[in-house]
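Hi,

Here is the structure I said I would pass on. Have a look at it first, and my notes on what turned up follow below.

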Amino acid sequence: MTKKRIYVAYTGGTIGMQKSAQGYIPVPGFLTECVQRMPEFYRDEMPEFTIHEYTPLMDSSDMSPTDWQHIAEDIQHNYDDYDGFVILHGTDTMAYTASALSFMFENLAKPVIITGSQIPLAALRSDGQTNLLNALYIAANYPIHEVGLFFNNTLYRGNRATKADANGFNAFDSPNFSPLLQAGIQISVDAGEVKPIGNAPLQVSAVTPQAIGVITLYPGVSAAIFDNMLQQPVKALIMQSYGVGNAPQDKQLLASLERAIASGTVVLNCTQCFKGKVNMGGYATGNALAQVGVVSGHDMTIEAALTKLHYLLSKGLSQAQINSQLETNLRGELTA
Ligand SMILES: NC(=O)C[C@H](N)C(=O)O
């Protein structure tokens, strides 16, 4: 049987880092060398793989929408030559990149798995080997045609994942959606759908940097802060509201939102709770937001909300079209 071929896009992150006087930094060539010295990666059960190292390698905290575009184009460029794709990435913004790619790719008929580690691959007790080994194995043997995020033996839907622990190996969670697959003693497919690899051409939508504001409500937040946040060139504001989507019934604050919406700004209501979804019909405090034209973010993570807005704003759609797409489940990112 011919081996599956997996393309590894190595963008940076702790997995390939070394200690420097300023703390961990990515070092060119180092990760590939480490992998080549690990016989597990070359066992018969493993797929063939090619590691393509990016220049420069990045700490994911330095990434921007331009990097999402670069990764998407790299995968598109290599799409026909491989059976699956693994993206090695820092954990800090991994869930943002996973969400962004999920929106940018249409007709995805091959698996794309993003992973990394909390401890560098070359260091003692690294989680990098397990994460990369499993990501390669799963991409080859359990093709789930979507952008997944693999960490600590769990494959999550990319646009449902969020970084949940700054220090632990269980760095990600998917509060509102079951994992796609769990790699325990047995590999069990949960919410994911394994399908034969398809040949449909991949469509990639371009994403450009957009002026999007994010504001978290807190007791005492004032209309003046909203007015400042909503100044041009802000095209959209994500409001992380209380509970099921509530905000203070402050007339000036509501007027500020109303003015911004009337002038074309999109205002998206996401809950600041880790889990659960927005229901602006639940309380008068939420209903007042719906009345002025605030759109429900349902149970989207902040990562999904922000990247979906980038995707929709980059398409040059009207405010009404964006509002309606935001509330539509495009890639499994929300439960309506
Ligand atoms: N664990 C990590 O990869 C963190 C690192 N700062 C990054 O996001 O690139």
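Let's start at the ligand, keeping in mind that this is a predicted model. The residues around the ligand are Gly12, Gly13, Thr14, Asp59, Ser60, Ser61, Gly90, Thr91, Asp92, Gly116 and Gln118. Sorted by class, that shell has 9 polar residues, 2 charged ones and no nonpolar ones.

Three of those names also turn up in UniProt: an unreviewed entry carries a "binding site" annotation on Ser60, Thr91 and Asp92. They are spread over 33 residues of sequence, yet they cluster in space, with a largest C-alpha distance of 6.9 Å.

Here is what I have on individual residues at the site.

- Ser60 is in the loop between strand 4 (48-58) and helix 2 (65-78). It has 20 C-beta neighbours inside 10 Å, so Ser60 counts as buried. Leaving aside neighbours within four places in sequence, Ser60 is in contact with Gly12, Gly13, His89, Gly90, Thr91, Asp92, Thr93 and Met94.
- Thr91 sits in the loop between strand 5 (84-88) and helix 3. Thr91 is buried because 24 other C-beta atoms lie within 10 Å. Not counting residues up to four places away in sequence, Thr91 touches Gly13, Thr14, Ser60, Gly116, Gln118, Lys163 and Ala171.
- Gly13 belongs to the loop between strand 1 (5-12) and strand 2 (17-20). Gly13 is buried too, with 31 other C-beta atoms within 10 Å. With residues up to four places away in sequence set aside, Gly13 touches Ser60, Leu88, His89, Gly90, Thr91 and Gly116. Gly13 and Asp92 are 79 residues apart in sequence, while their C-alpha atoms are 8.4 Å apart in space.

Next, helix 3, which comes after the Thr91 loop. How many of its residues are buried? The count is 11 of 11, so helix 3 is mostly covered. Among the buried residues of helix 3 are Met94, Tyr96, Leu101, Phe103 and Met104.

Helix 3 shows up again in the largest nonpolar core, which has 85 residues. The residues with the most contacts inside that core are Ile6, Phe85, Val86, Leu101, Leu149 and Leu268. Helix 3 (residues 94-104) gives the core its largest share, 8 residues. Where does this core lie relative to domain 1 (5-204) and domain 2 (212-326)? Both domains give residues to the core, so it lies between them. As a general point, nonpolar side chains in soluble globular proteins tend to be buried together. For a look at one well-connected spot, try Val86: not counting residues up to four places away in sequence, Val86 touches Ile6, Val8, Ile113, Thr115, Ala135, Leu136 and Ala139.

On to the overall layout. The domain assignment splits the protein chain into domain 1 (5-204) and domain 2 (212-326), and their centres, taken over C-alpha atoms, are 31 Å apart. Each domain puts residues into the contact: 12 residues from domain 1 and 12 residues from domain 2. On the side of domain 1 that touches domain 2, helix 3 provides the largest share, 6 residues. By class, that side of domain 1 has 7 nonpolar, 4 polar and 1 charged residues.

Lastly, the unreviewed UniProt entry annotates residues 212-323 as "domain: Asparaginase/glutaminase C-terminal". Over residues 212-323 the chain is 40% helix and 17% strand, and the end C-alpha atoms are 15 Å apart.

Cheers

Definitions and conventions. Residues are numbered from 1 along each chain as its sequence is written. This is a predicted model: local features need pLDDT of at least 70, side-chain atom pairs count only at pLDDT 80 or more; totals for chains, interfaces and linings use all residues. A nonpolar core is a set of buried Ala, Val, Leu, Ile, Met, Phe, Trp, Tyr and Cys residues joined through C-beta atoms within 7 Å. A residue is buried if 20 or more other C-beta atoms lie within 10 Å of its own, exposed if 12 or fewer, and partly exposed in between; C-beta atoms are placed from the backbone. Helices (H or I, at least four residues) and strands (E, at least two) are DSSP runs, numbered from the N terminus. Domain bounds come from an automatic or database domain assignment. Two residues are in contact if their C-beta atoms, placed from the backbone, lie within 7 Å. UniProt positions are given in the numbering used here, feature names are shortened, and annotations may be inferred rather than shown by experiment. A residue is near a molecule or strand if its C-beta atom, placed from the backbone, lies within 6 Å of it. Ala, Val, Leu, Ile, Met, Phe, Trp, Tyr, Cys and Pro count as nonpolar, Asp, Glu, Lys and Arg as charged, and the others, Gly among them, as polar.
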